[in-house]
Amino acid sequence: MNLLNGVLALGAFAFSIPLVIHLFFRSRFTSVDWGAMHLLQNVIRVNRRRMQVTNLLLLLLRCLIPVALAFCLARPVWTGLRALAGDAPKTLVIALDDSRSLSVTPPGDVALIETAKEELREILAGLSRRDEVMLVRSSRIGAIASKMGVSEAIAKLRRVDATGSPVTIGQLMDAAMVASQDASHPRRQILVVSDFQEVTMGVSTLETAQRVAAEVATAKQAGVETIFDFLNVQPDWEELHNVSVDAVTVESPVVVSQRTGVYSVTVRNAGETPANDVRLVWAIDGRPLDPRSISIDAKSSVTNRLTQTIDEPGVHQITAMIDRADMMVDDNRRSTLVNVMPKVNVLLIDGQPSRNPLGGAADYLAIALSPFSFGGDDRPDPIKSTVVPLRRLNADLLREDPQVVVLANVDRVPDGIQGELVRFVHRGGGLVIFDGPNVRPETYNLTWTTGATTDGETSSRLKLVFPAELGEVVGASGTEERDIDPQSGEVFAIDRPNAQYEPWKFLVGDNDPFSEVSVTKYRELKLTPPGGESVRDQRVLLQTTEGDPIAISQSIGEGSVVQFAISGNDRWTNWPLRPIFLPMIGQMVLDLAGQENEFTVSVGQPIVVSQEQFDRTWRSDTPTRWNWVAETPAGEINLPRLSAGEPVRITETYEAGLYSITRTSNTQPSEESKQEDLKQTIMRLAEVDASESILNGAGGQQFDRLRETLQAGAFETAGELSTADRSRSFGREVWRWLWLLVVIGLVAELWVQQNILAKSRGDGGL
């Protein structure tokens, strides 16, 4: 038992006042004997005892009232058998969820983030000067939390807004625990402030809570006490309605200038009522197009497509926005970036060139990739194919800047060219291998590597392991006829293509596109590469009806490799003679050309760009020193100089919008380069994840399991939290029970005086 106002307990000595009055009036009574007194002796004796007991009871009540009142004013608290912290200083770690969902504004109220900030200001106002505060924000979860005083914490809260991407409650608690390790006081309180959405309270959060609870128990044995509290600013989700732009995507595998590209937007209605006549506006580089009107049923989504031609090559911003007043306006627009190419450049390496028409190993491929040019049509081809000899590949990789390289029936590849192809694939290029009679399996069964880096470190060599090991040729031996005769030997059929391969999905239908395609020879492809080296994203794109692979793809670095077990001409198959050959090869190449770096990152995630992505368009061998500048939604940032191979990093991506990285040099341009080559820009887009627009609160059972795991308190207002915190620090106040005792004493004193005492006096008078 402790007293919050111990000095006021001295008022208990006021019990002496009724005691002195009682003694004073008792001494003034005198006894007078008279003649008939002996007749009343028995009655007087009985009444005297009763009056003495009554007076003692009345005296006890009158003494108890000031004692109880004094202790009531002293505010006693019940501590039980615990050793409480009292007014010892503490460290308050505020784990604040400032993701976009906190920008929700319920009808007739302020935004949730403003409610959270107001409650936090009230909590901070109750701290003492000796307490310290640490602020952990979900939007800056990787930042180091600094220690500060109350006034500085209140000032920082004023600048907080809800613009971050979603972070699970488990991640937020982890970051708070890491920050608390730098606390100055052994008494620590972690306050998690959030709207506790369902998407942030998954299984991983409960697993994190169990681990954190074990860490807290271990730290408590070492004398460090950590208490978890939850401040829930969750609104009534059923009363909210929201229409959001969830995604903007580029549906075309690659976009070429002056040719139409297809883009799509997904708009979702989370409300219980349909959203009719919603105004949708597409924009390209900030220039709006004609508005459209769409309608979305309740609890559903719609997709709207834009077919548009962009004339200028380069990176362009495609934006879709809706004009709709709802609970969250920040998710009413979304953008994506698209790289518009002047053309898709493809280099074809013919391992068996021929002067005869269609006699080379790459002739059919060249026609399939540029059909209009070969047919004399004025319409532009999206793909520019160039057949070059193998010896010129290194020079053409630099001059032509291709997106795809095709090796057709190439027997061996020198080490120097292997290294350049490895770099080409790792930088995002596509490499296609077609088999043939000249191919030597040992060329492709070995691991290709680059040479030593400029600093001599061999450990940073890049590697290329092909998706399959080449085996023996399967089929009739010695068959070289162009027109395949099914009667001349064994013929193999090709099964339907992989339905999961996006470029060939148009082939998946009722009709079999390979019903007229026959294969007389193919190379055995073993899916386990030599040396047992692991590969990723390995997929069989085509196979025979017996299940033997015909085409396999694999991701390597930022690029891809596609390996065919058949030739690219009509030596081993009649596929190039069938109409399906042209669209399949074209779509595959466009898909490989479109496999560039992801342009969009989540808000709060760092933007990392390798210097190799700039070097792909740098055509001068002259050494130069680059100056790096980043343009962000918050302003311009001068980046430090980078050493060779060091990537460019922008870590402060806290705002949604466009981020551009520019490198410039004062070096005079050479004859091979242009002045604009000395200034290169790469753009990235930061967007908030669409899950922040799914306004569903976590269930009560889910929340209770989390709270029980951490033995945490759950509160909705700062007043509730402050009351609970006082009880934890000083014990449970019991003054209300003492005040009830005072009231009972007053009533009892009045009742004793008016009933028992008055009746006793009346009986004594008889």
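**Exercise 1. In E36, which residue is the bridge partner of Tyr 659?**

Before we start: this is a predicted model, where local features need pLDDT of at least 70, side-chain atom pairs count only at pLDDT 80 or more, and totals for chains, interfaces and linings use all residues. Residues are numbered from 1 along each chain as its sequence is written, and side-chain values use heavy atoms, with hydrogens and water left out.

Step 1. Get the labels straight: helices (H or I, at least four residues) and strands (E, at least two) are DSSP runs numbered from the N terminus. Two strands pair if DSSP finds at least two bridges between them.

Step 2. Go to strand E36, residues 679–687, which runs antiparallel to E35 and is joined to it by eight bridges. The partner of Tyr 659 there is Arg 684.

Step 3. Now try the pairing of E35 with strand E32 (residues 627–632): five bridges, again antiparallel. Here Glu 631 has Ser 660 of E35 as its bridge partner.

Step 4. Check burial, where buried means under 20% relative accessible area, exposed over 50%, and partly exposed in between (1.4 Å probe, protein chains only). Six of the eight residues of E35 (657–664) are buried, so the strand is largely enclosed by the rest of the structure.

**Exercise 2. Work out which strands pair with E11.**

Step 1. Find strand E11 at residues 275–284; seven of its ten residues are buried, leaving the strand mostly covered.

Step 2. Take strand E15 (residues 314–323): six bridges join it to E11, and the two run antiparallel. Ala 283 is matched with Thr 319 in E15.

Step 3. Strand E13 (residues 292–296) is also antiparallel to E11, with four bridges. One pair to look up is Val 278 with Ile 294 of E13.

Step 4. Finish with strand E12 (residues 287–288), which pairs with E11 over two bridges in the antiparallel sense. Ile 284 sits opposite Arg 287. E11 and E12 make a hairpin with two residues between them, and Asp 285 in the turn has a positive phi of about 55°.

**Exercise 3. Describe how H5 packs against H6.**

Step 1. Pull up helix H5 (residues 169–180) and helix H6 (residues 203–221): their axes are 8 Å apart, at an angle of about 25°. Axes are lines fitted to C-alpha atoms, for helices over the stretch in contact, and angles run from 0 to 180 degrees between N-to-C directions.

Step 2. That angle makes H5 roughly parallel to H6 (under 35 degrees; over 145 is roughly antiparallel, 65 to 115 roughly perpendicular, the rest oblique).

Step 3. List the contacts, meaning heavy atoms within 4.5 Å. From H5 come Ile 169, Gly 170, Met 173, Asp 174 and Met 177; among their H6 counterparts are Thr 205, Ala 209, Arg 211 and Glu 215.

Step 4. Zoom in on Glu 215, which is partly exposed at 33% relative accessibility. Its C-alpha is separated by 9.6 Å from that of Thr 226, eleven residues away along the chain.

**Exercise 4. Trace the open sheet that includes E7.**

Step 1. Read off the order of the six strands, E5-E4-E3-E6-E7-E37, with mixed pairing. Strands E5 (147–148) and E37 (713–715) are the edges, each pairing on one side only.

Step 2. Look at E7 (residues 225–232) with E37: a parallel pairing over three bridges. Leu 231 has Phe 715 as its bridge partner in E37.

Step 3. Add helix H14 (residues 700–710), which packs on the sheet and touches E7 and E37; its direction makes about 160° with that of E7.
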